[in-house]
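Here is a set of questions and answers to work through with the model open beside you. Take your time with each one.

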Amino acid sequence: KALVKESKRVSIDPFRTLLEGADRVSLQIPILNRTLQFNLQPAKRSKVKYEGDVITVSVSERVNQRELSHWLWRILASFTQTEIESKVQHINRESFNARIDRIVVRHMKSQWGSCSSQGTITLNTALLLVPEQIFTYVVIHELAHRLHRNHSAKFWNAIEQVLPEYEKARQMLRKFKLT
């Protein structure tokens, strides 16, 4: 039963088509109300070039598929860091107005987000690829941890006060899986 349920979840892996298709060299990814285009090209040395929303990645033949996948996720995180920080700060101002020391965006295989006791909010780059409602819920969830370090009734009440339909977003989130 659990395997059937798991198989129905949508895997978030936008780079799979680039990595698996030898003839595929371009990919468009809709994020943050725009579309980023990733272009891959062979090269002697690996490097990245940004021109507007076009990201050209020159890839050395020495880079294996796993390394390239990690690199593409890091490029996406780096390219969107400023925008995500701005969105998080806006959501924070509209909700808890909690103290945030730092916002980190990175690809994680098992978590959508985290909040450290020092005030660092870490968000998974995969959040760029889910509906806005889920992104907002995860940010609110992590911000609520600035007030309550656990998942107590007070924690959930704080979330419900700023996001009354949070349970709907949680259900939507469960339909996705990280890779």
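**Salt bridges, a hairpin and a core**

Q: Which residue's side chain meets that of Arg16 in a salt bridge at 3.6 Å, N to O?
A: This is a predicted model, and one place to begin is helix α2, residues 16-20. Arg16 and its partner are 4 residues apart in that helix, so about one helical turn separates them. The partner counts as exposed because its relative accessibility is 58%, over the 50% cut-off. The residue is Glu20.

Q: Which residues are linked with Arg16 in a network of salt bridges?
A: Arg16, partly exposed at 37% relative accessibility, bridges to Asp13 with the closest N and O atoms 3.3 Å apart. Asp13 is partly exposed as well, at 21%. Arg16 also meets Glu20 in a salt bridge. The network therefore links Arg16 with Asp13 and Glu20.

Q: What is the N to O distance in the salt bridge of Lys49 and Glu51?
A: Lys49 has a relative accessible area of 47% and is partly exposed. Glu51, at 48%, is partly exposed too. Their side chains meet in a salt bridge, and the N to O distance is 2.9 Å.

Q: Which side chains of strand β2 point to the buried face?
A: Strand β2 covers residues 26-31, and its side chains alternate between two faces. Ser26, Gln28 and Pro30 point to one face and are not buried. Those on the other face, which are buried, are Leu27, Ile29 and Ile31.

Q: Which residue in the hairpin of β2 and β3 takes a positive phi?
A: Strands β2 and β3 (residues 34-43) run antiparallel and are joined by 6 bridges. One of the bridge pairs sets Ile31 against Arg34 in β3. The hairpin has 2 residues between the strands, and the one with a positive phi, near 45°, is Leu32.

Q: How many residues of the largest nonpolar core come from helix α3?
A: The largest nonpolar core has 56 residues, and Phe15, Phe38, Val57, Leu72, Trp112 and Leu123 touch the most other members. Helix α3, residues 65-94, supplies the largest share of this core: 11 residues.

Q: Which residues of strand β2 does Phe38 touch, leaving out those up to four places away in sequence?
A: Phe38 is among the residues that touch the most other members of the largest nonpolar core. Its contacts include Phe15, Leu18, Leu72, Ile75 and Leu76. Strand β2 spans residues 26-31, and from that stretch Phe38 touches Ser26, Leu27 and Ile29.

Conventions:
Residues numbered from 1 in each chain as written. Predicted model: local features only at pLDDT ≥ 70, side-chain atom pairs only at ≥ 80, totals over all residues. Heavy atoms only, no water. Salt bridge = Lys/Arg side-chain N within 4 Å of Asp/Glu carboxyl O. Buried < 20%, exposed > 50% of the residue type's maximum accessible area, 1.4 Å probe, protein only. Core = buried A, V, L, I, M, F, W, Y, C linked by side-chain atoms within 4.5 Å. Contact = heavy atoms within 4.5 Å. Pairing = 2+ DSSP bridges.
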